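Here's a quick briefing on the fold and its local details. Have the viewer open and follow along.

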Amino acid sequence: PNLDALAARSVDFRRHHIGSFPTVPTRADYFTGQYSFANAIGWGGLPKDIPNVPQLLQYGGVTTAGVVDTPFFRIKGYNWDRGFDFFYDLELQQVGQLTTDPRHRNPSRLVPEPWITEFDHAAPQTMTLAEKCVEQLVDRDRFFLYVDTWDPHEPWDAPIWYGKRYKADFQGRNIKPAYGNYAEHGLSDDDLAEATAAYKGKMTMVDRWIGRLLDRIDSMGLLDDTAIVFTTDHGFNFGERGGQFGKMIAGPAEDGERRWLRSPLHREIVEIPLLISIPGVETRQESRLSGAIDIAPTIADLFGIEAQDWMHGRSLLDYVRSADAAEDDVIVSAMPLGVPGRASVSVVDDVTRSVIEWQPITVAAGKWVMLFATWDDPIELYDTEADPDWLNNVASAHSDIVKELHAKMVAQLRRAGADAEQLEARS
């Protein structure tokens, strides 16, 4: 309900697509305005020679602050806090394992912290600290506050009353994603229903605490001169695509090495919310395409700072202010690029896993969406106006559209800095 209320006073981008996938690559896109799936970032730290939006704002005299509980901002020297005047990295999330004991979190700590009340969860603590930051920032001439919670990431362990809203016999069981077909991994239909209810429950908890932060902004009279941008990093499969439960498909480990199989990025993963609320701008739903790389130039534009040459995206403020603005011609979504059989990339977490099949890239332009790996792999094409859920593959009937989208994809790969081997294999 709180995000619905924000959407009602925002320009609601209904076809906003991820760029680089998943957690860290997406944030790299947001912070730099570049496709990170093909460059030196991938799933990793911020290289010294790549500038980011917080730095750009800082140089422009904007006070920058960040409150995050998502891991990987500063782990292993990742340096994603660069450019912030004030930065709070809350170590609240479980990393490395999903404990079945709901009384403890963060098992990597020598002395685990207990879960006692809802407030002990990550999102409530992050939003509460963000409220405090707003109170301290209100007297600044211009400020940028970045708030980032990993929830509703797994484990989906919100207080049990949230899950009971979505499943009458909800037990609060901690069910791990299968990263494949749930039945083939020994999970039952009830297990999937339990996990889905837990996910929805955690999302409802997060919405409540986002509402607390929005209410604080409203109570301080800031809505008249403050822009609010809300988005996320990617979606999740709960059985919609052939029983797939997880955001990718994992293969069995061989010789102790973890592997990723072909993992198409369909609508459930690719289409995510984007809400932009600006005082005085008429609210509406926007059906034209936008992408993750557009966030950085949009944030800069909000402060009157021009988009930089190193950004691949463009500001969305023209979209926000006018329904007649021109449309971006193509949005590409991909995980960090790897060559099957010999390349290992960090995808989904900071664990290196082998890529053993060419991974499809999702290409969107106008009403069309294509999933393409190589010419030797299956190609999927969807008409999103006639088929908004991407269920009817029409690639065989529209070879001209396939060729057109393929050319656009290759151009974007070149722009993103893909190496010669990637370009040759996909051209």
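Which residue in E12 does Val229 stand opposite? That would be Ile276. Keep in mind that this is a predicted model. With that said, here is a tour by topic.

**The mixed sheet**
- Four strands make up an open sheet, ordered E8-E12-E1-E13, and the pairing in it is mixed.
- Strand E8 (228-231) and strand E13 (284-291) sit at the edges with a single partner strand each, so one side of each has no neighbour in the sheet.
- From one strand to the next, the twist averages 20°.
- E8 and strand E12 (residues 271-277) run antiparallel and are joined by 4 bridges.
- Within that pairing, Ile228 has Ser277 of E12 as its bridge partner, while Val229 faces Ile276, as already mentioned.
- In a regular strand, side chains alternate between the two faces of the sheet.
- E8 has Ile228 and Phe230 on its covered face, with Val229 and Thr231 on the uncovered one.

**The parallel sheet**
- Another open sheet has 3 strands in the order E3-E2-E6, with parallel pairing.
- Its edge strands are strand E3 (86-89) and E6, each of which pairs on one side only.
- Here the twist averages 5° from one strand to the next.
- Strand E2 (residues 63-68) runs parallel to E3, and 4 bridges join the two.
- If you want a spot to zoom in on, Val68 stands opposite Asp89 in E3.

**Helix H2 and what follows**
- How many of the residues of H2 are buried? The count is 10 of 10, so calling H2 mostly covered rests on the cut-off of under 20% relative accessible area.
- The buried set includes Thr23, Arg27, Asp29 and Tyr30.
- The cover over those residues includes strand E1 (11-17), H3, strand E6 (143-148), E8, E12 and helix H8 (295-302).
- Right after H2 comes Gly33, with a positive phi near 75°.
- Ser36 is in the loop between helix H2 (23-32) and helix H3 (53-59).
- Ser36 has a relative accessible area of 0%, so it counts as buried.
- Beyond its neighbours within four places in sequence, Ser36 is in contact with Ser20, Pro25, Ala28, Asp29, Ile41 and Gly42; of these, Pro25, Ala28 and Asp29 are among the buried residues of H2.

**Cavities**
- Rolling a probe the size of a water molecule over the atoms shows where empty space is left.
- The model has 2 cavities of 30 Å³ or more, and the largest has a volume of about 50 Å³.
- Val24, Arg27, Phe31, Pro71, Phe72, Phe73 and Trp80 line the largest cavity.
- That lining splits into 6 nonpolar residues, no polar ones and 1 charged.
- Val24, Arg27 and Phe31 in that lining are also listed among the buried residues of H2.

**Backbone oddities**
- Most residues other than glycine have a negative phi, and most peptide bonds are trans.
- The peptide bond from Phe21 to Pro22 is cis, with omega near -5°, and Pro22 sits in the loop between E1 and H2.
- Another cis bond goes from Glu154 to Pro155, with omega near 5°; Pro155 is in the loop between E6 and helix H5 (160-163).
- Phe72, in the loop between E2 and E3, has a positive phi near 85°.
- Phe72 is buried at a relative accessible area of 4%, and it is one of the residues lining the largest cavity.
- Trp390 also has a positive phi, near 60°, and belongs to the loop between strand E19 (380-383) and helix H10 (399-416).
- Trp390 is buried or exposed? At 0% relative accessibility, Trp390 counts as buried.

**Partly exposed spots**
- Arg267 is in helix H7 (residues 267-270) and is partly exposed, with a relative accessible area of 29%.
- Apart from neighbours within four places in sequence, Arg267 is in contact with Arg241, Pro388, Asp389 and Trp390.
- Arg267 and Arg15 lie 252 residues apart in sequence, with 9.8 Å between their C-alpha atoms.
- Glu240, in the loop between E8 and strand E9 (244-245), is partly exposed at 42% relative accessibility.
- The C-alpha atoms of Glu240 and Asp190 are separated by 15 Å, and the two residues are 50 residues apart along the chain.

Key:
Residues numbered from 1 in each chain as written. Predicted model: local features only at pLDDT ≥ 70, side-chain atom pairs only at ≥ 80, totals over all residues. Heavy atoms only, no water. Pairing = 2+ DSSP bridges. Axes fitted to C-alpha atoms, helices over the stretch in contact; angles between N-to-C directions. 1 Å grid on protein atoms, 1.4 Å probe; cavity = no way out; pocket = protein on both sides within 12 Å on 5 of 7 lines; lining within 4 Å. Points joined across faces, edges and corners; volume = space filled by probe spheres on them. Nonpolar A, V, L, I, M, F, W, Y, C, P; charged D, E, K, R; others polar. Buried < 20%, exposed > 50% of the residue type's maximum accessible area, 1.4 Å probe, protein only. Contact = heavy atoms within 4.5 Å.
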